[in-house]
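Dear colleague,

Here is the structure I promised to pass on, with my notes below it. Please read the notes with the coordinates open beside you.

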Amino acid sequence: MAENEVVDKIFSGILTPILAVIKWLVGTIFSSRAMLIIVFIIMINLIAILLMKKDKEYAEKGERRIREATLLLVALMGGSFGMYFAMFKYKHKTLHRKFSIGVPAIIMLQFAYMAYAVMRGILV
């Protein structure tokens, strides 16, 4: 048996179960609408946190900033919790009324919509 064949068998033995688990996870995550929404919400909140962190870094360096409209759009798309968390974690935009009032208002609107959607069976 050639050396390459041994290596191929080892990799095949290791990768086959790993790929099976990945396939199962992807199938499980994307098989239901609710799980897909949860994954989206997690991703958009991580993006919101990263954008606020980057904007804070740009502000400290005096570089070109991320537009407030972009930050608020990300909050509207579902990243409001991440945006609110990042505002206080990085002490950024906390004195701007657009953010100190706007982001909590967006959170309340999103909660109201989610409650409505669950009661109507839209999210389930």
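In this predicted model, the axes of α2 and α3 come within 7 Å and cross at roughly 70 degrees; since angles of 65 to 115 degrees count as roughly perpendicular, the two helices are therefore roughly perpendicular to each other. The crossing in which α2 passes α3 is right-handed. On the α2 side, the residues that meet α3 include F40, I41, I44, N45 and A48, as well as I49, L51, M52 and D55, and among their partners in α3 are L71, V74 and M77, the run from G78 to G79, and further on F81, F85 and M87.

Helix α3 itself deserves a careful look, and its end-to-end distance is a good place to begin. A straight helix of 22 residues would span 32 Å at 1.5 Å a residue, whereas α3, covering residues 68–89, spans only 18 Å between its end C-alpha atoms. The model also has a kink of about 125 degrees in α3, and this kink is centred on G79. G79 is one of the buried residues of the helix, a list that also includes L71, L72, V74, A75, G78, S80, G82, M83, A86 and M87, and G79 is likewise among the α3 residues that meet α2. The buried residues of α3 pack not just against α2 (33–61) but also against α4 (97–100) and α5 (102–120).

After α3 there are two backbone values that you may want to inspect. Most residues other than glycine have a negative phi, yet K91, which follows α3, has a positive phi near 50 degrees, and K93 has a positive phi near 70 degrees. K91 is found in the loop between α3 and α4, and K93 lies in that loop too. Their surroundings can be set side by side: K91 counts as exposed, at 64% relative accessibility, while K93 is buried, with a relative accessible area of 6%.

As for the chain as a whole, the protein has five helices and zero strands, so that, by the same assignment, the elements run α-α-α-α-α from the N terminus on. Buried residues make up 23% of the 124 residues in the chain. Of the contacts with a separation of 6 or more, 58% are accounted for by residues 24 or more positions apart.

With best regards

Note on methods: Residues numbered from 1 in each chain as written. Predicted model: local features only at pLDDT ≥ 70, side-chain atom pairs only at ≥ 80, totals over all residues. Heavy atoms only, no water. Helix = DSSP H or I, 4+ residues; strand = E, 2+ residues; numbered from the N terminus. Expected span 1.5 Å × (residues − 1). Bend = angle between axes of the 7 residues up to and from the residue. Buried < 20%, exposed > 50% of the residue type's maximum accessible area, 1.4 Å probe, protein only. Contact = heavy atoms within 4.5 Å. Axes fitted to C-alpha atoms, helices over the stretch in contact; angles between N-to-C directions. Parallel < 35°, antiparallel > 145°, perpendicular 65-115°, else oblique. Left-handed = near helix turned anticlockwise from the far one by under 90°.
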